[in-house]
Amino acid sequence: MRFGLIWSEVGNGLRRNLSMVISVILVTFISLTFVGTAVLLQVQITQMKTYWYDRAQVAVYMCTEADNCQGGAATDQTVEAVKKQLESPELSPYIQKFYFQNQQQAYDEFKQQFKGNQIADFVTPDMIPQTFWVNLKDPNQSAVLTETLAGSAGVQSVVDQRSYLDQIFNILGAASATALVVAVVMLVAAVLLIATTIRLSAFSRRREIGIMRLVGASNRFIQTPFIIEGVLAALIGAVLAGTVLVLIVQLFVRGPLQNSIQSINFVSMSQAWPVIPLIVLIGVLLAAASANFAIKRYLKV
């Protein structure tokens with residue numbers, strides 16, 4: 001009987017404050033969607049770092065006529081000297097493999113990469129440097145190559161591709177942090193809205209509360225329906241947020257995005273599913289805490 005009465009009070013509260021309940025659902029839905037997005041972005045960044053950092057190469061660019069190298073453009077002799085250094089006992093223990101790309105090969109690759117771009121019409125093969133592409137056994141030891149080869153005759157520069165990857169990951173990290181900040185702001189708004197909704201619901205039922213006090217109902221019995229109201233509204237919002245995240249990953253990320261950029265391994269459904277209970281738990285706990293605090297404050301007045 002007490003259980004039925006509690007749920008009857010919950011139903012009355014939801015009907016009386018339907019517009020506020022819908023507002024709580026929407027704010028919770030938006031905020032938890034941002035939370036889930038931020039979490040999945042971090043998973044994606046970590047996954048991409050693990051994949052690309054292990055495959056990042058060190059590029060040893062040889063001098064061209066356009067470079068201001070002290071010895072001028074690289075010659076067959078300087079190219080051969082760099083090759084011998086890469087094969088030397090000092091460097092070979094650090095190198096997994098390397099290959100040489102001459103100017104024509106580099107030019108053909110450039111034309112293919114920038115096909116349809118006007119810049120490709122102004123570039124000639126002699127403007128593209130000959131390059132040694134080096135895969136290291138440990139990508140973190142690229143400084144060994146830089147210290148050994150930088151400044152060698154015919155070498156224009158030694159570039160670790162991870163420096164380019166860092167820029168991309170910094171942008172993705174900033175996007176993830178932005179999503180998290182927006183999520184925190186929206187969660188604060190959701191907490192305040194839940195508290196306000198509970199206070200309004202309690203005010204609209206002040207006569208019933210007064211009667212329950214007179215007949216000896218405990219504070220816990222009075223508070224429970226209000227807490228359930230807040231939790232139900234947040235739960236609906238959290239479930240909607242989880243549904244949207246699943247749809248985004250399944251229909252967009254693993255669909256058109258994966259098909260158009262096949263070189264990147266995007267987050268999978270197996271990685272997205274654990275995020276759903278996380279955001280549901282966050283929504284329910286925040287709603288329960290907010291509603292409990294609000295109704296306790298009201299009953300003290």
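# Sheet, core and surface

Student: Which residue stands opposite V134 in β3?

Tutor: F98 stands opposite V134 in β3. The model under discussion is a predicted one. F98 falls within β2, which covers residues 95-101.

Student: How do you know that β2 and β3 pair, and in which sense?

Tutor: The criterion for pairing is at least two bridges between the strands. β2 and β3 share six bridges, in the antiparallel sense, so the criterion of at least two is met.

Student: What makes β1 and β3 a pair of strands?

Tutor: Strand β1, residues 58-62, and strand β3, residues 131-136, are joined by four bridges in the antiparallel sense. As the criterion asks for at least two, the two strands count as paired. Two of the residue partners can be named: V60 has F132 as its bridge partner in β3, and V58 has V134. V134 therefore appears opposite F98 as well as being the bridge partner of V58.

Student: How many bridges link β1 and β4?

Tutor: Five bridges link β1 and β4, again in the antiparallel sense, so this count also satisfies the requirement of at least two. Within this pair, A59 stands opposite V159 in β4.

Student: In what order do the strands lie in the sheet?

Tutor: The order is β2-β3-β1-β4, in an open sheet of four strands with antiparallel pairing. From one strand to the next, the twist averages 15°.

Student: Why are β2 and β4 called edge strands?

Tutor: β2 (95-101) and β4 (155-160) each pair on one side only, and this is what makes them the edge strands. In general, strands of a sheet pair through backbone hydrogen bonds, either parallel or antiparallel.

Student: Why is β1 described as largely enclosed by the rest of the structure?

Tutor: A residue is called buried when its relative accessible area is under 20%. Five of the five residues of β1 meet that description, so the strand is largely enclosed by the rest of the structure. V58, V60 and M62 point one way, A59 and Y61 the other way, and all are buried.

Student: How many residues of β3 are buried?

Tutor: Six of the six residues of β3 are buried, and the strand is mostly covered. T131, W133 and N135 point one way from β3, whereas F132, V134 and L136 point the other way. In a regular strand the side chains alternate between the two faces of the sheet.

Student: What share of the protein is buried?

Tutor: Buried residues account for 41% of the 301 residues. The secondary structure comprises 10 helices and four strands.

Student: Why is V21 called buried?

Tutor: The relative accessible area of V21 is 11%. The limit for the term is under 20%, so V21 qualifies as buried. V21 is found in helix α2, and its C-alpha atom is separated by 7.2 Å from that of T197, although the two are 176 residues apart along the chain.

Student: Why is T146 called partly exposed?

Tutor: T146 has a relative accessible area of 32%. The term covers values between the buried limit of 20% and the exposed limit of 50%, so T146 is partly exposed. T146 is placed in helix α5, residues 142-149. Its C-alpha atom and that of V159, 13 residues along the chain, are separated by 7.7 Å.

Student: What makes L180, V184, V188 and L192 a nonpolar patch on the surface?

Tutor: Members of a patch need over 30% relative accessible area. V188, for one, is partly exposed at 46%, so it passes that threshold. V188 lies in helix α6, residues 162-204. Together the four residues have about 360 Å² of accessible area.

Student: Which residues touch the most other members of the largest nonpolar core?

Tutor: I194 and I198 do, in a core of 20 residues. The elements giving two or more residues are α2 (18-55), α6, α8 (219-260) and α10 (275-300). α6 gives the most, with six residues. In soluble globular proteins, nonpolar side chains tend to be buried together.

Conventions
Residues numbered from 1 in each chain as written. Predicted model: local features only at pLDDT ≥ 70, side-chain atom pairs only at ≥ 80, totals over all residues. Heavy atoms only, no water. Axes fitted to C-alpha atoms, helices over the stretch in contact; angles between N-to-C directions. Patch = residues over 30% accessible without salt bridge, like charges linked within 9 Å, V, L, I, M, F, W, Y side chains within 5 Å. Areas by Shrake-Rupley, 256 points an atom, 1.4 Å probe, with all protein chains shown as cover. Salt bridge = Lys/Arg side-chain N within 4 Å of Asp/Glu carboxyl O. Buried < 20%, exposed > 50% of the residue type's maximum accessible area, 1.4 Å probe, protein only. Core = buried A, V, L, I, M, F, W, Y, C linked by side-chain atoms within 4.5 Å.
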